[in-house]
Amino acid sequence: MEEKKLKALSHLYVTVFMSGFASFIVVPAITDVTMSALCPGTDECSLAIYLSGFQQAVIGIGTALMMPLIGNLSDQYGRKSLLTLPMTFSIIPFAVLACSRTANYFYAYYALKTLTAMICEGSLNCLALAYLADSISDSQRASAFGILSGISSGAFVCATLAARFLSTGSTFQVATFVSMLAVVYMRIFLEESIPNQDDIMTQPILKESEDAIQKDDNNLPRKKPVFKKIPSLGDIICLLKSSPLFSRAAVVAFFYNLAEGGMISSIMYYLKARFHFNKNQFADLMLIGGTVATASQLFIMPLLVSPIGDGKLLSLGLLVSCIHAILYSLAWSPWVPYAITALSVVMVFAPPSLRSIVSKQVGATEQGKAQGCISGVSSLANIIAPLIFSPLTALFLSEEAPFHFPGFSILCIAITLVIAFIPSLTIGNGPNSSDKNSSDCMEV
């Protein structure tokens, strides 16, 4: 049985690697493609910053609504079935820019990326975490989640290295091919994973009411169709209230992803305006950071989980992330961003530790629901982040800044990380799901 589980997880890791590779390989090039289409010949483009921020906010709205739904449906229909849709949709935007990077094609890509990412963004990670939780015991989940993050970081490193030597057009062609290959591989080799609905070791937080059961002609109980059990906003709020630790984890997830979203919407434009970074410099920077993160998640974090605990690893990762953002905001030379990537060895502890804590708060049949709920909270933060940090970045990179501090928006991100760090101190190590008190939340 253990050998069978390891084989199934290896196919999951390959799927995550290929899908991540396809997504990450275009990252170093997309800033130059955007600015070439919108503001050719310049190093500062407020329109590009605002459009990127708007896209990030709209995607956040879509994912905030879709992640709890996708997670809930995966608990019913299985992880593999739900993976197929977002992985297929993600191919379309890459294919557009694989054809051409002119302004018209860019706007087509922009529209399609915005629409498809509402479903695709975060789905792979959410469902992969739920798949792992189906197969791994509570005590091993932090290490397993760390390894999954390490696989993603490894894909990031390999993709960035490939982007360093590919032309812009070839980059999007490779991304299209690999994303298609990932879907085919997943459909052929990955085994379906559906939680054991008869698990009696734990009680579900979102308990179905008796009305959720119908009887057929033979008077045998039969569940209502899944679409009648889609969790409402009230159900999600009840899930958050069901455990004080779960609700604190949601607060940490919100502010951490608010900071993370701020970095995404700001950092490349900040480096391009401040130090005139180009595609290759972006690739080199991400390659160094990704290599450090991969090594840490695959080899260091599994060794620290048992003696330290996922709660302390979470707090440590958040604290070092705050220091990282402060140093970024004060960067006085182009070598500073390269040097502080060394902090990634500790920063990467935060996300898998948080997900491990969340996973321990729910029963075996609710892993998709719980991970989807946290992904929804994270997506809500991603809606707000660009609305705050994109205008702030554009303002302080322009000549109309109230005072000269190009990294002011990055300093505000550091303050946001401090807010996430404070409640993380009270989380500690999450108890096992079997130790929690259940709460009847769902009324159908």
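**Helices, rings and cores in a predicted model**

Q: In this predicted model, what relative accessible area does Phe 403 have?
A: Phe 403 is classed as partly exposed. That class lies between the cut-offs of under 20% for buried and over 50% for exposed. The relative accessible area of Phe 403 is 40%.

Q: How are the rings of Phe 403 and Phe 408 arranged as a pair?
A: A search of the whole structure turns up 14 aromatic pairs. For Phe 403 and Phe 408, the ring centres are 5.5 Å apart and the planes meet at 90°. Planes over 60 degrees apart count as one class, so the Phe 403 and Phe 408 pair is edge-to-face.

Q: What is the relative accessible area of Phe 408?
A: Phe 408 is partly exposed, and buried would need under 20%. The value for Phe 408 is 23%.

Q: How far apart are the end C-alpha atoms of helix 6?
A: Helix 6 covers residues 103–120, which makes 18 residues. At 1.5 Å a residue, helix 6 should span 26 Å. The computed distance agrees with this, at 24 Å.

Q: Which residues of helix 6 form one aromatic cluster?
A: Helix 6 runs over residues 103–120, and its buried residues include Phe 106, Tyr 109 and Tyr 110. The cover over its buried residues includes helix 2, helix 3, helix 4, helix 5 and helix 7. The aromatic cluster is made of Phe 106, Tyr 107, Tyr 109 and Tyr 110.

Q: Which residue in the loop between helix 11 and helix 12 has a positive phi although it is not a glycine?
A: Most residues other than glycine have a negative phi. Just after helix 6, the residue with a positive phi, about 85°, is Gly 122. In the loop between helix 11 (244–275) and helix 12 (279–308), the non-glycine with a phi of about 60° is His 276.

Q: Which helix gives the most to the largest nonpolar core?
A: The largest nonpolar core has 61 residues, and Leu 12, Leu 132 and Phe 172 are those with the most contacts inside it. The helix that gives the most to this core supplies 8 residues, and it is helix 1.

Q: Which residues does Leu 12 contact, leaving aside its neighbours within four places in sequence?
A: Leu 12 is among the residues with the most contacts inside the largest nonpolar core. Contact here means heavy atoms within 4.5 Å. Under that rule, the partners of Leu 12 are Ala 128, Tyr 131, Leu 132 and Leu 190.

Q: At what angle do helix 13 and helix 16 pack?
A: Helix 13 passes helix 16 in a left-handed crossing. Residues making the contact include Leu 314 and Gly 317 of helix 13 and Ser 353 and Ser 356 of helix 16. The axes are 8 Å apart, and the angle is about 145°.

Q: Is Ser 356 buried or exposed?
A: Ser 356 is found in helix 16. Not counting residues up to four places away in sequence, Ser 356 touches Arg 141, Ala 142, Phe 145 and Asp 310. Its relative accessibility is 0%, so Ser 356 counts as buried.

Q: Which helices do the buried residues of helix 18 pack against?
A: Helix 18 has 17 residues and reaches 25 Å from its first C-alpha to its last, close to the 24 Å expected. Its buried residues include Ile 410, Ile 413, Leu 417 and Phe 421. These buried residues of helix 18 pack against helix 11, helix 13 and helix 17.

Terms used. Residues are numbered from 1 along each chain as its sequence is written. This is a predicted model: local features need pLDDT of at least 70, side-chain atom pairs count only at pLDDT 80 or more; totals for chains, interfaces and linings use all residues. Side-chain values use heavy atoms; hydrogens and water are left out. Helices (H or I, at least four residues) and strands (E, at least two) are DSSP runs, numbered from the N terminus. The expected span of a helix is 1.5 Å times one less than its number of residues. Buried means under 20% relative accessible area, exposed over 50%, partly exposed in between (1.4 Å probe, protein chains only). Rings of Phe, Tyr and Trp (its six-membered ring) pair if their centres lie within 6.5 Å; planes under 30 degrees apart count as stacked, over 60 as edge-to-face and the rest as tilted. A nonpolar core is a set of buried Ala, Val, Leu, Ile, Met, Phe, Trp, Tyr and Cys residues joined through side-chain atoms within 4.5 Å. Axes are lines fitted to C-alpha atoms, for helices over the stretch in contact, and angles run from 0 to 180 degrees between N-to-C directions. A crossing is left-handed if the near helix is turned anticlockwise from the far one by less than a right angle, and right-handed if clockwise.
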